[in-house]
Amino acid sequence: MAAISLSIFFLSAIGCALIGWVDAADHIVGGSTGWTIQSNATFYEEWARLRNFVVGDKLVFLFTTGVHNVVEVTESDFDACTQKAVIESHYSGPATIRLSSPGNNYFYCAVGKHCVTGQKLVVAVATDDSSTTSKLTNYSSSGGGSSPGNLIPASALLSLLLWLFMW
Ligand SMILES: [Cu+2]
């Protein structure tokens, strides 16, 4: 029984990893703290630095409608916290924004002085091809081993999990 529990645990872990690998990633901006004013002005810069963003990924901005918002802007607007050429505005939270163009994408909160205090985010978005490479690198370094050619489709793994639970 212990052996079965253990294998369920490992299969679940592998299944989750595979699902993450197959689908475009959703990035919860700021993690559990969400999209808000942080005590550290470079909080979102540091958050973004640790991640890879790829065309097709989504940014999820967690905030309360009316308290914060998200505007996508040009680089010069981003630097100066101005709104001369707003690309897109999202006023109701949470807001999910799909990263559709490669290169730098600029966002900030346009409520009060929030942008000036550091509620701003720039993400460097890679194209699809480079994404595959970087994600595979991540998996081989953290997971320890399976080459992409041997990946079992996530659905097959899930069926296997269900089968194990039947016992
Ligand atoms: Cu705000």
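In what order do the elements of the chain run from the N terminus on? In this predicted model, they go α-β-α-β-β-β-α-β-β-β-β-α-α. The legends below take you through some close-ups.

**View 1. The whole chain holds 5 helices and 8 strands.**
Start here to get your bearings. The chain has 167 residues, and 17% of them count as buried. Take the contacts with a separation of 6 or more: 78% of these link residues 24 or more positions apart. So as you follow the later views, don't be surprised to meet partners with quite distant numbers.

**View 2. Five strands line up as S2-S8-S7-S4-S5.**
This sheet is open, and its pairing is mixed. Which strands stand at the edges? They are S2 (53-54) and S5 (88-90), and each has a single partner strand, so one side of each has no neighbour in the sheet. Moving inward from S5, you meet S4, which pairs with S5 in the antiparallel sense over 3 bridges. Look for Val70 standing opposite His90 of S5. S4 also runs antiparallel to S7, again with 3 bridges joining the two. Here, Val73 sits opposite Tyr106 of S7. Next door, S7 and S8 form an antiparallel pair over 6 bridges. One pairing to find is Asn104 with Ala124, its bridge partner in S8.

**View 3. A second open sheet has three strands, in the order S1-S3-S6.**
Its pairing is mixed too. The edges belong to S1 (26-28) and S6 (95-98); each has a single partner strand, so one side of each is left without a neighbour in this sheet. Ignoring direction, neighbouring strands here are turned against each other by 25° on average. S3 and S6 are antiparallel, with 4 bridges between them. To spot this pair, find Val60 opposite Thr96 in S6.

**View 4. Here is the largest nonpolar core, with 19 residues.**
Trp35, Phe61, Val70, Val71, Tyr108 and Cys109 have the most contacts inside this core. Strands S3 (58-61), S4 (70-73), S7 (103-108) and S8 (120-126) each supply at least two of its residues. Which strand gives the most? That's S4, with 3 residues. There's a general idea to keep in mind: in soluble globular proteins, nonpolar side chains tend to be buried together.

**View 5. Zoom in on Tyr108 and the residues it touches.**
Leaving out residues up to four places away in sequence, Tyr108 touches Val71, Val73, Phe78, Cys81, Cys115, Gln119 and Lys120. Two of those names, Cys81 and Lys120, get their own close-ups next.

**View 6. Lys120 sits in strand S8.**
Is Lys120 buried or exposed? Lys120 counts as buried because it has 20 C-beta neighbours inside 10 Å. Its contacts, not counting residues up to four places away in sequence, are Tyr44, Phe78, Phe107, Tyr108 and Cys115. Now find Val71: along the chain, Val71 and Lys120 are 49 residues apart, yet their C-alpha atoms are separated by 9.5 Å.

**View 7. Cys81 lies in the loop between helix H3 (75-80) and S5.**
What is phi of Cys81 near? The value is near 60°, which is positive even though this residue isn't a glycine. Cys81 is partly exposed, because 17 other C-beta atoms lie within 10 Å. For background, most residues other than glycine have a negative phi, and most peptide bonds are trans.

**View 8. Between S5 and S6, look for Pro94 in the loop.**
Check out the backbone just before this proline. The peptide bond from Gly93 to Pro94 is cis, with omega near -5°.

**View 9. Residues 133-153 have a pLDDT below 50.**
How does that sit against the whole chain? The chain's average pLDDT is 79, and 63% of the residues score at least 70. Beyond near neighbours in sequence, the 133-153 stretch has 10 contacts in the model. Where pLDDT is low, the predicted coordinates should not be read in detail.

Key. Residues numbered from 1 in each chain as written. Predicted model: local features only at pLDDT ≥ 70, side-chain atom pairs only at ≥ 80, totals over all residues. Core = buried A, V, L, I, M, F, W, Y, C linked by C-beta atoms within 7 Å. Buried ≥ 20, exposed ≤ 12 C-beta atoms within 10 Å, placed from the backbone. Contact = placed C-beta atoms within 7 Å. Pairing = 2+ DSSP bridges. pLDDT = per-residue confidence, 0-100. Axes fitted to C-alpha atoms, helices over the stretch in contact; angles between N-to-C directions.
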